[in-house]
Amino acid sequence: MEELNNRESEIFKNTLEKQNKFITERLKNIRNKYLDDDFIVAPQKKENIIRHLNNGIAANLIQTFFNYKTDTCIFCKGVKGENGIRQIERAHCNNYCRSDILELAVAEISDKLYGGETVTAGEILKKFIEKHDCCPIYMLCNKCHNTYDKK
Ligand SMILES: [Zn+2]
């Protein structure tokens, strides 16, 4: 399943291209309690911010934001309900873990944050979504997902 991590593979490039369009369109009009969170983040060690957001918030946001609906595995083309496929699941590309992407997001607002400007949690989380432009989220069946996560 190396192609899922290979930036040059068709599945990687195609998934990312569709995903980037999805992100742009969905950010235009989504109402979401995480993205709309106006809690002001105090300047502090970026590790603290990442730990706070990675404790459920970022994972929940991914679940609600990338609300893809499909019955077919993008990798094996297996269909839900057949051959032991119970469900189709979101699988984050293994090149980055969630905290890596959060780190990219915090780095992008660090001039504002440490320069005395107001930064909200929602603003960081919006960056977090946008920073998935390097990291495809694949819709895999539970069997492929299991295999992928063991690599
Ligand atoms: Zn599959």
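**Close-up views of a predicted model**

From the N terminus on, the elements of the protein run α-α-α-β-α-α-β-α. The model is predicted. That order holds 6 helices and 2 strands.

**Figure 1. The whole protein, with its box and its burial.** The C-alpha atoms fill a box of roughly 55 × 30 × 25 Å, taken along the principal axes. The protein has 151 residues, and 24% of them count as buried. Contacts with a separation of 6 or more were also tallied by sequence distance. Of these, 79% join residues 24 or more positions apart.

**Figure 2. Helix H2 packs on helix H4.** H2 spans residues 46-53, and H4 spans residues 98-114. Their axes lie 10 Å apart, at an angle of about 130 degrees. This angle makes H2 oblique to H4, because it falls outside the ranges for roughly parallel, antiparallel or perpendicular. The crossing of H2 past H4 is right-handed. H2 brings Lys-46, Ile-49, Ile-50 and Leu-53 to the contact. H4 answers with Ser-99, Leu-102, Glu-103 and Val-106. By class, the contact of H2 with H4 counts 5 nonpolar, 1 polar and 2 charged residues.

**Figure 3. Helix H4 packs on helix H5.** H5 covers residues 121-130. The axes of H4 and H5 are 8 Å apart, and the angle between them is about 125 degrees. H4 and H5 are therefore oblique to each other. H4 passes H5 in a crossing that is right-handed. On the H4 side, the contact holds Ile-101, Leu-102, Ala-105, Val-106, Glu-108 and Ile-109. On the H5 side, Glu-123, Ile-124, Lys-127 and Phe-128 meet them. The contact of H4 with H5 has 7 nonpolar and 3 charged residues, and no polar ones. Leu-102 and Val-106 of H4 take part here, and they also belong to the contact with H2.

**Figure 4. The largest nonpolar core.** This core has 21 residues. Those touching the most other members are Leu-53, Leu-102, Ala-105, Val-106, Ile-124, Leu-125 and Phe-128. The elements giving two or more residues to the core are H2, helix H3 (57-65), H4 and H5. H4 supplies the largest share, 6 residues. Several names recur from the helix contacts: Leu-53 comes from H2, and Ile-124 and Phe-128 come from H5.

**Figure 5. Ile-124 and its contacts.** Neighbours within four places in sequence are left aside here. Ile-124 is then in contact with Val-41, Leu-53, Ala-105, Val-106, Ile-109 and Val-119. Of these partners, Ala-105, Val-106 and Ile-109 lie in H4. Leu-53 lies in H2. Apart from the largest core lies another, of 10 residues. Its members include Cys-73, Ile-88, Leu-140 and Cys-141.

**Figure 6. Glu-89 in strand S1.** Strand S1 runs over residues 88-92, and Glu-89 has its place there. Glu-89 counts as partly exposed, because 14 C-beta neighbours lie inside 10 Å, whereas a buried residue needs 20 or more. Cys-73 is 16 residues away from Glu-89 in sequence. In space, the two are 8.5 Å apart, C-alpha to C-alpha. With neighbours within four places in sequence left aside, Glu-89 is in contact with Leu-140, Asn-142 and His-145. Two residues of this view, Cys-73 and Leu-140, are among the members of the 10-residue core.

Technical notes:
Residues numbered from 1 in each chain as written. Predicted model: local features only at pLDDT ≥ 70, side-chain atom pairs only at ≥ 80, totals over all residues. Helix = DSSP H or I, 4+ residues; strand = E, 2+ residues; numbered from the N terminus. Buried ≥ 20, exposed ≤ 12 C-beta atoms within 10 Å, placed from the backbone. Contact = placed C-beta atoms within 7 Å. Axes fitted to C-alpha atoms, helices over the stretch in contact; angles between N-to-C directions. Parallel < 35°, antiparallel > 145°, perpendicular 65-115°, else oblique. Left-handed = near helix turned anticlockwise from the far one by under 90°. Nonpolar A, V, L, I, M, F, W, Y, C, P; charged D, E, K, R; others polar. Core = buried A, V, L, I, M, F, W, Y, C linked by C-beta atoms within 7 Å.
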